[in-house]
Amino acid sequence: MPSATRTRNPRSASTKERVKKRRAPSESPEHSEFEDDEVVSVKPETKKRKQYDSDDLDEDSNGDATAKKPSTGRGKRKAKASPTKKRSPRKKQKASEDEFDASDVELKEGQEVVGTVVKAPTTGLVPPGRISQNTMNFLNHLKDPACNDREWFRLHEPVYRVAEKEWKDFVETFTDDLSEVDPQIPPLPPKDVIHRIYRDVRFSNDKTPYKKGFSASFSRSGRKGIFAHYHIAVKPGNESIIAAGLWCPGRAELANLRTNLQRNSKPFRRVISSPEFVKFFGKAQPHPKGERQNIFGFEDELKVAPKGVPKDHKDIDLLKCRTFAVVHRFTDKEVLDSNFRQTLASVARVVQPFIHILNDLVTVGGGNATAVGSNDDEDDDDEDGDDDGEENGDDGEDA
């Protein structure tokens, strides 16, 4: 028995000694149990405290790690876990935009928070075949240089995707209408006729990366090709248009067109002088002040006669043109109207003969096709037959 007493007493003494060494003036009130000299619950508490006093604790605890950590046996691994990982995905989805905190996002090196992503609109939507005010509002923002940049566009990409889908639906339905007006236009999917919203800024002083409207082009060969096009564009500010014709055709196509016009320009003049055509596009003659009118007044129009063509040629006004196209504009109110697609189709019906005759003139020998039905103008052609014969012979060899 004495031996047992001697072995127990040193253990109790050493335990008390360890407790007293652990005590410190800066300890919080919740650790006041260490002030008692009883040995009953000291050992377990000492082991737990050793784990929380580790150097691996988060530095942001400001020296009060033991007060913040739960009294569990496995505290080290949980101490390293960030608040972001504990947050459930559902709570993240329910958090409002006003509660967004950049500190909740784990950023990699070189990354920074630039803003909050704008949600897509859920009201003001329209059925396929119509243009909504939401789309016009989005495009109107792109007219502001402060918004026409990549950072703003990325934050508003959900809004753009809704507007893009709406435009694709509109083009798809309008393609059916246009195919009825002009059977030569194939019913291609929207991706083959719609233009990208991204600008080519390589050779432009304007470095804004995005166009300020949606557009699409239709021809025998889709969006591209040598044939005449129907072109539609939606742009806020009363700048939406429907256009038709050839814009800056290639050298070979332009040469064919001029050659065929010199052979016989009367069918072409009849088309651009028809009452319906003039109603939408103006008189078939150059504007006195050089403004845009009918097919005349484009910036690339020649100031002098083309090479090999006399200055006093009877069709010199046509031969100076390098772009053979017409444009009709719509107001924003007309674009938002439920019948806008039908309005576009009615204008396309007026320009359909213009498109077809340009396709004939741009091909080799197209002048022969357009000469059919022009017997009523034979007398006028005979008067200038000698001069035209010489010019046509030279141009015909080149073609």
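This passage describes a four-stranded sheet, a helix that lies across it, and an internal cavity in a predicted model.

The sheet is open and consists of four strands, arranged in the order E1-E2-E3-E4 with antiparallel pairing. Strand E1 (214-218) and strand E4 (324-330) occupy the edges; each has a single partner strand, so one side of each is left without a neighbour in the sheet. On average, and with direction ignored, neighbouring strands are turned by 15 degrees against each other. Strands of a sheet pair through backbone hydrogen bonds, either parallel or antiparallel. Between strand E2 (residues 229-234) and strand E3 (residues 240-246), the antiparallel pairing extends over five bridges. Within this part of the sheet, His231 has Ala243 of E3 as its bridge partner.

Helix H9 (157-181) lies across E1 and E2, and runs at about 25 degrees to E1. H9 also packs against another helix, H15 (residues 340-361): the two axes come within 10 Å and cross at roughly 35 degrees. The crossing of H9 with H15 is right-handed. On the H9 side, the contact is made by Phe170, Thr173, Phe174, Asp177, Leu178 and Val181. H15 contributes Phe340, Arg341, Leu344, Ala345, Ala348, Arg349 and Gln352. By residue class, the contact of H9 with H15 comprises eight nonpolar, two polar and three charged residues.

H9 takes part in the lining of a cavity as well. The structure holds one cavity of 30 Å³ or more, and the volume of the largest cavity is about 40 Å³. The residues that line the largest cavity are Pro121, Leu125, Ser132, Asn134, Thr135, Val159, Val162, Ala163 and Glu166. Two elements, helix H7 (133-142) and helix H9, each give two or more residues to this lining. The largest share, four residues, comes from H9. In terms of residue class, the lining of the largest cavity divides into five nonpolar, three polar and one charged.

Taken together, H9 is an element of several of the arrangements described: H9 lies across E1 and E2, passes H15 in a right-handed crossing, and supplies the largest share of the lining of the largest cavity.

Terms used:
Residues are numbered from 1 along each chain as its sequence is written. This is a predicted model: local features need pLDDT of at least 70, side-chain atom pairs count only at pLDDT 80 or more; totals for chains, interfaces and linings use all residues. Side-chain values use heavy atoms; hydrogens and water are left out. On a 1 Å grid over the protein atoms alone, a cavity is a set of points where a 1.4 Å probe fits but cannot get out, and a pocket is an open set with protein on both sides within 12 Å along at least five of seven lines; lining residues have an atom within 4 Å of a point. Grid points are joined across faces, edges and corners, and a volume is the space filled by probe spheres set on the points. Ala, Val, Leu, Ile, Met, Phe, Trp, Tyr, Cys and Pro count as nonpolar, Asp, Glu, Lys and Arg as charged, and the others, Gly among them, as polar. Axes are lines fitted to C-alpha atoms, for helices over the stretch in contact, and angles run from 0 to 180 degrees between N-to-C directions. A crossing is left-handed if the near helix is turned anticlockwise from the far one by less than a right angle, and right-handed if clockwise. Contact means heavy atoms within 4.5 Å. Two strands pair if DSSP finds at least two bridges between them.
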